[in-house]
Amino acid sequence: MVRDDDPRLTEARAIPIDEIAERLSIAGLKRAGRELVGPCPACGGKDRFGINIQKGVYNCRHCGAGDGLKLVQLVLGCDFKAALAWLIGEEVSIDPAEAQRRATKRAEDKRRSDERAAKERAKAIARAKAIWAEGGAADQSPVAEYLKRRGMPALITASLPDCLRYHPSLSYMVDGDEPGQFVEIHRGPAMLAACVTPSGEITAVHRTWIDLDQPKGKARIVHKGEVLSAKKIWGHKKGCAIRLSAGTAAQTLIMGEGIETTLTALAADVYSNASYWAGIDLGNMSGSRLLRGAGMKYAGIPDLDDQDAFIPPPWVKHLIFIQDGDSEPKSTRAKLLSGLRRARAKVAAVERISIINCALGVDLNDVLMGALPLDFNPYGQEFLDSPQWGRVRQQTLNRYGRECMSCGWTPGHKSKGPKRFIQVDHIKPRSRYPHLALDPDNLQVLCSECNKAKSDKYETDFRKAT
């Protein structure tokens with residue numbers, strides 16, 4: 001047993017978690033803003049594992065979450081006592097003068113770390129403002145056409161909100177091979193969105209790269225055989241929102257994660273005189289939660305000491321969060337509840353909090369586009385028989401042709417063994433990724449034998465070879 005007053009505990013918890021990860025030689029992690037993202041050192045995967053450097057915690061979608069000491073336990077497969085000994089050393093008696101020296105050093109290290117973080121944050125905000133200044137009016141630009149591709153009616157696209165702009169040629173940068181090095185891998189038109197603090201300052205810019213030749217209008221960006229997200233954010237987003245509409249004498253605020261989801265709600269116009277803001281991402285809408293203790297993971301209890309979390313403006317009486325169905329439902333609902341309960345606790349005017357749900361495997365924009373009915377089921381034969389799948393399947397065959405992207409087999413080609421035929425395969429199986437069931441970028445063409453061998457156990461992208 002480790003004593004509660006063991007001085008090693010304080011020392012261990014003061015070690016930055018990225019330093020602990022480096023000492024553990026965790027491979028494959030890439031910096032993404034303030035996080036390190038990559039395969040889990042315990043269960044693998046591709047990007048299911050992340051380390052939040054600022055909060056000093058890690059999270060794996062399969063193994064769970066924890067602090068630096070728990071990370072040592074996860075990687076080394078040891079108990080808490082052994083993890084503490086590995087990190088700090090065996091318990092020894094420390095004289096008061098040495099304990100004071102260590103405490104002073106920890107305080108000084110934290111002060112320097114906070115100073116560095118403040119400087120980096122200021123630089124990121126300045127760059128975000130510069131990118132925003134480079135943009136022009138979104139009206140009658142490819143941004144309007146992109147949003148039409150996402151199903152937005154003329155009521156929305158004819159006069160776009162001021163928080164959206166068009167950039168004709170925006171650079172897409174990724175980490176280079178050397179520390180601190182960035183490499184441009186794509187340049188093209190993009191939609192910019194201003195991320196605004198409660199005081200009205202732009203501290204981050206959301207970017208969506210556009211390619212109107214693609215089915216949904218988003219650019220397909222590939223680097224080293226990996227398809228990257230066409231959406232990125234730059235700057236300091238904590239507590240911000242993308243204010244897509246102001247409303248007239250609004251008392252209701254409706255928030256979705258993304259721009260398209262929130263504009264979809266605006267297009268539906270269910271609530272009169274409501275404001276519609278995009279919360280940027282689920283973590284920003286949620287803020288920090290209290291997770292220690294049995295049953296707390298899904299309890300949705302906010303950490304009210306989180307001073308950077310999103311708080312609605314004082315005029316809001318009814319706060320509504322949209323829960324997309326394209327993420328794990330229990331944890332998503334818990335995070336949304338956390339944000340809603342924080343708002344009710346900190347804003348005196350908030351009288352009602354609500355969550356609007358979408359069907360499993362879809363977001364609200366999917367419904368608007370007519371791709372999916374509200375009761376869409378991404379599993380089983382019902383999906384394979386649906387007109388939505390038939391349409392996307394045919395588009396994939398038109399895009400890639402009828403040649404197996406694994407072995408090269410084509411219809412009419414004689415081969416030994418069972419009779420083959422061409423199929424459209426989900427790279428990430430819909431059994432585990434229902435939200436990607438109709439995503440064109442998750443589809444490839446395989447013969448029936450190669451598809452059978454791949455099954456739903458693997459996520460091999462054979463498009464890389466072609």
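**Exercise 1. Find which elements build the lining of the second largest pocket, and describe that lining by residue class.**

Solution. Begin with the elements: helix H13 (387–400), strand E18 (422–426) and helix H14 (448–454) each supply at least two residues of the lining of the second largest pocket, where helices (H or I, at least four residues) and strands (E, at least two) are DSSP runs numbered from the N terminus. The model is a predicted one, in which local features need pLDDT of at least 70 and side-chain atom pairs count only at pLDDT 80 or more, while totals for chains, interfaces and linings use all residues. Residues are numbered from 1 along each chain as its sequence is written, and side-chain values use heavy atoms, with hydrogens and water left out.

Next, turn to the pocket itself, which on a 1 Å grid over the protein atoms alone is an open set of points where a 1.4 Å probe fits, with protein on both sides within 12 Å along at least five of seven lines, and whose lining residues have an atom within 4 Å of a point. The volume of the second largest pocket is about 300 Å³, a volume being the space filled by probe spheres set on the points, which are joined across faces, edges and corners. The lining has 15 residues, and Gln423, Val424, Asp425, His426 and Asn451 are the closest to the centre of the pocket. Strand E18 gives the largest share of this lining, four residues.

Finally, sort the lining by class: four residues are nonpolar, five are polar and six are charged. Here Ala, Val, Leu, Ile, Met, Phe, Trp, Tyr, Cys and Pro count as nonpolar, Asp, Glu, Lys and Arg as charged, and the others, Gly among them, as polar.

**Exercise 2. Identify the residues that touch the most other members of the largest nonpolar core, and trace the elements that contribute to this core.**

Solution. A nonpolar core is a set of buried Ala, Val, Leu, Ile, Met, Phe, Trp, Tyr and Cys residues joined through side-chain atoms within 4.5 Å, and buried means under 20% relative accessible area, exposed over 50%, and partly exposed in between, with a 1.4 Å probe and protein chains only. The largest such core has 31 residues, of which Leu147, Leu164 and Ile242 touch the most other members. Two or more residues of this core come from each of helix H6 (142–149), strand E7 (164–175), strand E8 (182–196), helix H8 (259–268), strand E15 (274–278) and strand E16 (318–323). Helix H8 gives the largest share, five residues.

The next step is to look at H8, which is largely enclosed by the rest of the structure because nine of its 10 residues are buried. Among these buried residues are Ile259, Leu263 and Leu266. Just after H8, Asp269 takes a positive phi of about 50°.

The last step is to follow Ile242, whose contacts (heavy atoms within 4.5 Å), leaving aside neighbours within four places in sequence, include Ala193, Ile259, Tyr276 and Trp277.

**Exercise 3. Decide whether Thr208, Arg187 and Gln140 are buried, partly exposed or exposed.**

Solution. Thr208, found in strand E9 (residues 202–209), counts as buried because its relative accessibility is 0%. Not counting residues up to four places away in sequence, Thr208 touches Tyr146, Pro189, Ala190, Met191, Lys218, Ala230 and Lys231.

Arg187 is found in strand E8 and is partly exposed, with a relative accessible area of 46%. With the same sequence neighbours left out, up to four places away, Arg187 touches Ser169, Leu170 and Ser171.

Gln140 lies in the loop between strand E6 (136–137) and H6, and it counts as exposed because its relative accessibility is 83%. Most residues other than glycine have a negative phi, whereas Gln140, although not a glycine, has a positive phi of about 60°.

**Exercise 4. Locate Ser455 and describe its backbone and its exposure.**

Solution. Ser455 is placed in the segment after H14, and although it is not a glycine, Ser455 has a positive phi of about 55°. At 28% relative accessibility, Ser455 counts as partly exposed. The C-alpha atoms of Ser455 and Asp425 are separated by 9.2 Å, with the two residues 30 apart along the chain.
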